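Good morning, colleagues. Please look at the sequence and the structure as I bring them up.

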Amino acid sequence: MFLVVGLLGGGLLCLLIINTILATGAFQITALQQGNVVLAQREQALQAQVAAEESPGSLAHRAAALGMQIQPRLHFINLRTRRLESQPSQLSGMPAIPVVPGYAP
Amino acid sequence: MTAPGGGKDGRNRPRGPGRPPGAAGPRRPAPGRAREPGAGNPGKPGTRGQARRGDPGDEGTREPGPAPGRPSRAGRPGDRGGEGRRPGGRGPGGSRPARRVRLRRPGLRRASPARRLHASLLCVGFALSLVAGRLVQLQGLEGASFSKQASNYRLRIIHIPAERGTIKTADGTILAMTVQDDMVIADPPQITGTTARGTMAVREQLAGLLAGPLHMTRAAIVGKLYHPSSTDYVLLAQGVPAPVGNQIEAVLTKRSLAGIYLRPTYVRTYPSKDLAAGLVGFTTNSGPGGDLRGQAGIEQSFNSLLAGRDGQQQVQTGITGQPIPFSAAKVQPVVPGGSVRLTILASLQWEAQQACQERVRATHADNCTIVVEQPSTGRILALAQYPTFDNGDVTNLASTVDLPVAGIFPPGSTAKVITAAAALEHGETPTTSYTVPEQITVGGGFTFHDAEWHPTEQLTLAGIVAHSSNVGMVQVAEHVNPQVQYDYYRKFGVGVPTGLPLPDASAGQLPPPSKWWGDERYTLAFGQGVAATAVQMAGVYATIANHGVRVMPSIVAGTTGPSGTYRPAPRPHRIRVIQPATAAELIRILQQVPYLDYTIADQPWGEIPGYSVASKTGTAQVWDQKAGCLCQYGSSYIGMAPASNPKLVVAVNIQNPKSADYYGNYVAGPAFYQVMKFALASLKIPPDGGKRPDVPLTAG
């Protein structure tokens, strides 16, 4: 008799504890999910901002504002000869280049 | 109760065996006193029960009295025991007078117990059957609908939207992405005070709070509240960033102001603004908070991959909306949107767009397209156009046309290489000599002129192509069978779909020889009477650059599916169009063009120090719809570098320039030079020395 009452009582108590813990967890999950949504939105907004800053148009604009220019000549290191090979600044064996606005060889 | 004589006080107990029963009253209440009204033996509580049972005289005297509890007491075993101990003759004698008393009452005659039992059974049975019937009705017949009502009350369907995937360039610059923002809606009837003045004050206060975050004036907000679009709905602002929305919500909750609602919406943003806008396309929203749908470009052709599939989840929720654990049942899993990676290089694309814009402004042209292609892979590295548009704010549908793949134009002199290639593979050589007058009349009396007057010259086939002589090409075409010429056009990809996954990609216009006009075989020799797209013309030169093998152009490098795995695009088809020797001869001929432009026309557009460039100019006559004549021009400049082993092809086409000089080298050349130089540098292609082979241009 005491055994049965004890078992039943114990079982009920355990069930109550489990339910309470789960319900607490559900509340916690809901709260965390809401926090997650806010954070995800912030991440998205920041991502969009980074993408906008990274776009070539904005980079070019910022670079120009800093006075940067596109490197007019290319330089390569030839690993076989270990020499610096540079792009010539003038066309070889050609008459002098006419002055044309926008063209800089 | 705490009195010294109280029963609970243990120290007093030993003293109280002789206490009066009144003091111990609470412990032995009414029954004792009721049965012993006389309280005849105080001080002897322990003997009370014995006295009751063992004193028959006491029972006997009470029997006739009006004691209602009596008959029931008779049923008690203890009482029976008491009776049993009575002397035999007195027991029955004591009970008889009681029955007589009852029988004397009038009209209270008991029916037979069996009938009484049956009747009550029937009554109870009937009542129970009613209950059972109702039970069957509720549980059985209408059970389904009731349980549905119950579950509707408990269950909530959570709509899980699939986020639309991104479109990126080959180097990872985001061209299109999805962000969530908020729509701010007001319900004016909820924003009221008790009086008109109070309403005004409440609305002013609300407007003051919202004006800052929404970037609106107070007056504008108040105006919207007083003039809503419908009685209880007015849209205050949309596209409000989510963090700002959260901030507004917090302020409103803090001040407990009602009537302002935030509705989350998914919007497509194009962070790189108009970068590759025509290629990417745009999306429309099926409604506030609705699904995004691609309407042009990659957004349209990859719509189902990008969109994914929305999911649904059914959960039981508590009163505050939080799901009850273990009650969730997934109805439909969400399939997240995949993403598309293009072959475009962001910086090169931007440079090409800048060049296009600059040329259109300088020459007051209608439009400009630039295609940069990698000949060995067919990858399109830039697909630029001007005018362009803002994908995020489409106001004019006509401006959203993806010109490089959809716009067709007569290619003009840039197509001369096709007929020249056919001639070279059918008996002619680069040094085959032609007498080229200023004009020529052929076949059925068709007369052709060169673009500018010149004395009669002895030109080689190489010279005809390099100097771009129409009269010369007409003579070259006479050596090529029309069907062969048509086949070469098709093999080079003109008049054939490009296979690009873009909704409005055009195949160009190339009528078959059976439908040719009388002079079409001659006009085809210099690129008139045929129409091609910018991508197709870039493909012609990419085929020559790739040693005669045409690689189908591709614009998508790969896709990332819902599972997150990247799948590269399948390898494009490769078709041999011309022999490697023919391609090499054509490249050598084309290398003369920048030199001629520079030395004869003072236009060094194709020259890049250190690099050998092979290119071709083109100036086509275009039909003018308004004037009804062939009096517009389309100027192009297409070339490859380094010519010794071409790694890049750049094709520039500018339609309807209104500058005094409308020739391809002047109008389109600067854009070619600018983009090619930038592309060589950004792809780190080393210079090849820039040597120009000697090809005899004149004969004799």
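How many bridges join strand S10 of chain B to strand S20 of chain B? The number is 4, and the two strands, residues 339-342 and residues 556-560, run antiparallel. Before continuing, I should state that this is a predicted model, in which local features need pLDDT of at least 70, side-chain atom pairs count only at pLDDT 80 or more, and totals for chains, interfaces and linings use all residues. Residues are numbered from 1 along each chain as its sequence is written, while chains are lettered from A and ligands numbered from 1 in the order in which they are written.

As for terms, helices (H or I, at least four residues) and strands (E, at least two) are DSSP runs, numbered from the N terminus. Two strands pair if DSSP finds at least two bridges between them.

Within the S10-S20 pair of chain B, B:Arg341 lies opposite B:Gly558 of S20(B). S20(B) is also joined by 3 bridges to strand S21 of chain B, residues 566-568, again antiparallel. There, B:Thr560 has B:Tyr566 as its bridge partner. The hairpin of S20(B) and S21(B) has 5 residues between the strands, and B:Gly564 adopts a positive phi near 95° in this hairpin.

Let us turn to the sheet in chain B. It is open, with 5 strands in the order S12-S11-S25-S24-S23 and antiparallel pairing. Its edge strands, S12 (379-386) and S23 (614-624), each pair on one side only. At one edge, 10 bridges connect S23(B) with S24(B), residues 629-641. Here B:Lys616 faces B:Ile638 of S24(B).
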